[in-house]
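Please read this report alongside the sequence and the coordinates. The main topics are confidence, overall build, the contact between two of the chains, and the nonpolar core.

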Amino acid sequence: MSKQLKIAIILMVIGALLTTLAFFMAFYTARVQGFGTVVSDQPLDTAFALAPPSMQPTDGIAYERPWLSQKIFYFHVPVAEASFLIFTIAAIFALLFLLRKDKKYDTRSRIAMETAFVFVVATMITGVLWTRASWGVWWDWEPRLTTYFIMMILMIAYFVVRNSVGDEERAATYGAVFCLIAWVDAPLSFIITRLIPSNHPVVFQSGMDTTNLIPFIIAQIGMLMIGYAIYVLRVTEESMHERIELLKERLEA
Amino acid sequence: MSEKRNISSFDQFRAILHKDIVMELRTKEMLTSMGLYALLVLIIYYVALSQAGSAFEVERIAGGLLLLAIVFTSMLGLNRSLVHEKDQGCLEALLLSPVDRPVIFFGKAVGNLIFLILVQILIVPLFYFIFMSGSQVQSGPWWMLALALLVGSIGIAGVGTFLATMSVNTTGTDFILAIMFIPLVFPLLLVVVAALTAVITADAGYTQVYWTMLAAAAGYDVIMIAVAFALYEFIIGA
Amino acid sequence: MIDPTNTELYDLVLQDAPFVIAAYGILWLGLCAYVTFMLTRMLKMGKELTLLEDAVDKLK
């Protein structure tokens, strides 16, 4: 077992412990805060009026229902930010591959894309459940959700394109090129809620309590550790696969 | 060697464009197939809207429908334009010739843009007569509509040519083009539809919406064509 | 913070509960399943690798 793999497994365990800790902190120490507002043209739950008067803003816009549904925040946001980060790393490896034409960067880029895709799917699932709990609908075509959805489709397209090219080197080049052009959507999706007013709250602009920031940071660090561990595991798996292929060839020869 | 003329990039670009147009004038294949396909899409629209009733406001969705027809038609055209090149070994010949790679991109993209504009000249009036002639709404000036369509077409032709160059070398050419093309041009389609609808409905203060959306579409065009331009060398050499 | 007499509010909190639990549950189980799947595949590969290496050694 290589040293990197050992570190990855340790990080995986620590990450799991940290995210579990954050989960309990979210329920026991984090306070409920009024995050963002809802201004939707769709008929939502009638729940808004039920928030206690002390939490209602004076300008007449009701806060979103901030109760239990808010607890998804401590998993949903760390997973989403990890997905953006890993996608960016994949794009950097893709760029390195195009510049240096070294196969190792292509493998890393592809595996980072796979890891990012796992996180994107996790973000989507938690996000959809949060949307349902908080806004009363399963899906809303608002800017953040739309751009993120497009990002997911682009990632699926990346794998479809790679698999449809027969030649390995060409598949690597096309994959890298498409990864770079698709990545343009990631920063767009990240900043769009800061540019266009939308239902999707920007929590860090509305100010966060320290009691809430701590579980969030713990969950974020834990999630990044898990992401790194998954990436390393996949890299190891891929190199094992290559070694098996090599040995098989030598046996046949 | 002393006789060697210095051929500028612009001459190379003109030669590629000239080749595409001459081929089209001979076969008339691209325009007939794209034109007929667009017509068929309009017929499907009629079927889809046939039960909508008279209270239905067609102006609200006319911009979207029009752009949809253009997107579908453009995908057909983009695919054909590069499949032709590949089947006849033309792409390889182009690569062997001492033409700058980005020039090939611009030559093909401008060729596709011209065909797309020609098809639009055919279907936009037709669309108006079929769906909008009974409408009571006072729309904005026609040049605003044309400008929005032009900005949209530039983005579609640029991104589309880039992606079609990739998809011709894959198995399942047209499907691969669709799955790459639609999510990538999605932002452009969204803002162009907003601009078109603003002109067609001409609500109060529509010019402001129109110019904002057009600026966003132009920004998309510039960014995506710059990225495509930078990356074209990699895909055409692969 | 929550007024204990406000029973309506508690009903509301309970309505949200399945979604919160499902979000955590699906995320956790999904990630666990993914990692387990990967690890078992790796273990299988490791066995195959030692077998192949032995075979290559015998050939020498």
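The paragraphs below begin with the confidence of the model and then turn to the chains, their contact and the core.

This is a predicted model, and the predictor gives the complex an ipTM of 0.86 and a pTM of 0.84. The confidence values and secondary structure of chains B and C are set out in the table.

| Chain | Mean pLDDT | Residues at pLDDT 70 or more | Helices and strands |
|---|---|---|---|
| Chain B | 86 | 97% | 8 helices, 0 strands |
| Chain C | 77 | 75% | 1 helix, 0 strands |

Within chain B, the mean pLDDT is lowest, at 78, for helix α4 (residues 90-96) of chain B, while the highest value among the elements, 93, belongs to helix α6 (residues 142-167) of chain B. In chain C, residues 1-6 have a pLDDT that stays under 50, and for this stretch the model has 3 contacts beyond four places in sequence. Of the 60 residues of chain C, 12% count as buried.

Read from the N terminus, chain B runs α-α-α-α-α-α-α-α. Its radius of gyration is 19 Å, close to the 18 Å that the globule rule gives for 238 residues, and chain B is therefore as compact as a globular protein of that length. Along the principal axes, the C-alpha atoms of chain B fill a box of roughly 70 × 35 × 30 Å. Buried residues account for 39% of the 238 residues in chain B. When contacts in chain B between residues at least 6 apart in sequence are considered, 87% of them join residues at least 24 apart.

The contact between chains A and B draws 17 residues from chain B and 19 residues from chain A. On the side of chain B that touches chain A, the elements giving two or more residues are α7 (173-201) and α8 (206-237) of chain B, and α7(B) gives the most, with 6 residues. In terms of residue class, this side of chain B has 13 nonpolar, 4 polar and no charged residues.

The largest nonpolar core has 141 residues, and those with the most contacts inside it are A:C179, B:V192 and B:A195. The largest share of this core, 18 residues, comes from α7(B). As a general background, nonpolar side chains tend to be buried together in soluble globular proteins. Leaving aside residues up to four places away in sequence, B:V192 touches B:L67, B:A148, B:V151, B:G152 and B:A217.

Another residue worth following is B:L189, which lies in helix α7 of chain B. B:L189 counts as buried because it has 20 C-beta neighbours inside 10 Å. Apart from residues up to four places away in sequence, B:L189 touches B:L67 and B:V71, and B:L67 is also among the residues that B:V192 touches. By contrast, B:L189 and B:F106, which are 83 residues apart in sequence, are 22 Å apart in space from C-alpha to C-alpha.

In chain A, helix α5 (residues 168-183) has 16 residues, which at 1.5 Å a residue should span 22 Å, and the end C-alpha atoms of this helix are 22 Å apart, in agreement with that expectation. Of the 16 residues of α5(A), 13 are buried, so α5(A) is largely enclosed by the rest of the structure.

Notes: Residues numbered from 1 in each chain as written. Chains lettered and ligands numbered in written order. Predicted model: local features only at pLDDT ≥ 70, side-chain atom pairs only at ≥ 80, totals over all residues. pLDDT = per-residue confidence, 0-100. Helix = DSSP H or I, 4+ residues; strand = E, 2+ residues; numbered from the N terminus. Rg over C-alpha atoms; globule rule 2.2 N^0.38 Å. Contact = placed C-beta atoms within 7 Å. Nonpolar A, V, L, I, M, F, W, Y, C, P; charged D, E, K, R; others polar. Expected span 1.5 Å × (residues − 1). Core = buried A, V, L, I, M, F, W, Y, C linked by C-beta atoms within 7 Å.
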